[in-house]
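Please walk me through this structure for a first reading. I would like to know where its empty spaces lie and how some of its helices sit.

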Amino acid sequence: MTATTPVLSAVDVTKHFTVRSAVGARSVVRAVEGASLDLHRGRVVALVGESGSGKTTLARVLAGFYAPTSGEVALEGVPVRQRRGRVERGYHKDVQIVFQDPFGSLNPLHRVRHNLERPLRLHHGVRGRAELDRRVRELLERVALTPAEQYADKFPHELSGGQRQRVVIARALAVEPKVLLGDEPVSMLDVSIRLEMLNLLDRLRAEDGLALLYITHDIAGARYLCDEVVVMYAGEMVEGGPKEQVIADPLHPYTRLLVDSSPDPGRGARDRERLFDADADGLGEPPSLIDPPSGCRFHPRCPFAMDVCRTQAPPRTDLADGRWTRCWLHHPTQETE
Ligand code: SF4
């Protein structure tokens with residue numbers, strides 16, 4: 001591994017699921033197609049898209065919960081092998097995931113102390129009451145649940161949503177991971193404490209050099225926390241690059257829709273209405289992943305769709321400053337015509 005080797009990579013990852021209808025007909029859900037991204041130490045990548053875009057499925061592939069249908073996941077440059085759909089336990093020590101619902105993530109029958117002690121015992125072999133108490137106290141202090149003694153013996157239902165999510169993050173940190181995958185980690189929390197949670201994640205990334213994947217439908221939150229943005233639509237990555245450029249000047253019409261639909265008192269709704277006035281909320285309906293549109297999957301919703309968009313999927317076009325997109329508008333063959 002070199003200094004520039006990503007801690008975790010998805011390389012051309014595809015994930016399909018076979019489902020059966022009530023009458024027994026089989027269909028294939030094309031949840032993720034050809035997704036590639038790199039996570040680097042101390043950096044945050046935001047994976048942005050609406051529900052059904054495939055971002056959670058990709059997170060679960062990266063977390064080792066699903067085997068990719070094709071493509072591979074690499075940890076520090078080494079392809080991750082799975083047996084019968086499972087990765088080795090050591091993988092979960094390096095790659096941890098925090099889910100949207102903190103209540104569902106914690107064992108409700110056990111106190112905070114137990115939820116934190118379990119990974120310490122399992123992954124680090126910590127034994128002895130005094131040492132376990134010390135490590136639990138340290139973890140709670142790191143996520144600003146102080147005084148720690150006040151929280152260690154509470155049950156999850158005795159905590160607020162924000163406090164529970166801090167415990168979930170503390171449990172992930174107990175493993176001392178290299179990568180933290182946050183799947184909408186603040187979206188179920190009260191708006192007033194989301195910023196605190198983003199600041200906490202930012203501090204942990206800086207202190208521990210964690211590589212962080214921040215999955216969200218909220219591109220404004222992504223702007224606050226991340227270094228790089230990758231946008232997914234209907235199972236495909238459609239745009240990526242440094243956050244300032246992507247958010248200030250989106251290239252792909254879908255990214256522009258997301259930016260224009262995000263809360264921004266200074267901007268109002270002018271661009272959204274001009275671009276997508278058929279949709280009351282600006283977002284419309286994402287397509288079926290069982291029978292996605294031909295060509296560019298965004299073409300039924302795109303006000304700039306051309307004939308080529310309906311028949312041919314746009315290839316990735318790399319542009320200046322580390323930006324890239326999959327849109328015929330920015331492909332050299334169209335720009336020179
Ligand atoms: Fe719109 Fe065509 Fe670009 Fe797809 S490829 S986003 S349909 S212009």
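What follows takes the open pocket, a helix beside it, a closed cavity and one further helix in turn. The model is predicted.

Begin with the largest pocket, which holds about 560 Å³ of space. Its lining is made up of 22 residues, and those nearest its centre are Q96, R118, P119, H123 and R171. Several elements share in building this lining: the helices α2 (89-94), α3 (102-105), α4 (112-124) and α7 (161-174), together with the strand β6 (95-98), each supply at least two residues. The greatest contribution comes from α4, with 6 residues. Sorted by class, the lining residues of the largest pocket are 11 nonpolar, 8 polar and 3 charged.

Two of the helices that line the pocket, α4 and α7, appear again in the surroundings of α5. Helix α5 runs over residues 129-142, 14 residues in total. From its first C-alpha to its last, α5 reaches 20 Å, close to the 20 Å expected at 1.5 Å a residue. Which residues of α5 are buried? They are L132, R135, V136, L139 and L140. These residues cover an arc of only 135° around the axis, and therefore lie on the same side of α5. What does this buried set pack against? The buried residues of α5 are packed against α4, α7 and also α6 (148-152). Just after the helix, A144 takes a positive phi of about 60°.

The next feature is enclosed space. The structure holds 1 cavity of 30 Å³ or more. The volume of the largest cavity is about 90 Å³. Of the 15 residues that line the largest cavity, C296, C302, C309, C327 and W328 lie nearest its centre. The lining of the largest cavity divides into 12 nonpolar residues, 2 polar and 1 charged.

Last comes helix α1, which spans residues 55-62. How much of α1 is covered? The helix is mostly covered, with 6 of its 8 residues buried. The buried residues of α1 are K55, T57, L58, A59, V61 and L62. Here buried means under 20% relative accessible area. After α1 comes G64, with a positive phi near 85°.

To return to the pocket and α5 together: α4 gives the most to the lining of the largest pocket, and α4 is also one of the helices that the buried residues of α5 pack against.

Notes
Residues are numbered from 1 along each chain as its sequence is written. This is a predicted model: local features need pLDDT of at least 70, side-chain atom pairs count only at pLDDT 80 or more; totals for chains, interfaces and linings use all residues. Side-chain values use heavy atoms; hydrogens and water are left out. On a 1 Å grid over the protein atoms alone, a cavity is a set of points where a 1.4 Å probe fits but cannot get out, and a pocket is an open set with protein on both sides within 12 Å along at least five of seven lines; lining residues have an atom within 4 Å of a point. Grid points are joined across faces, edges and corners, and a volume is the space filled by probe spheres set on the points. Helices (H or I, at least four residues) and strands (E, at least two) are DSSP runs, numbered from the N terminus. Ala, Val, Leu, Ile, Met, Phe, Trp, Tyr, Cys and Pro count as nonpolar, Asp, Glu, Lys and Arg as charged, and the others, Gly among them, as polar. The expected span of a helix is 1.5 Å times one less than its number of residues. Buried means under 20% relative accessible area, exposed over 50%, partly exposed in between (1.4 Å probe, protein chains only). The arc is that of the directions from the helix axis to the C-beta atoms. Contact means heavy atoms within 4.5 Å.
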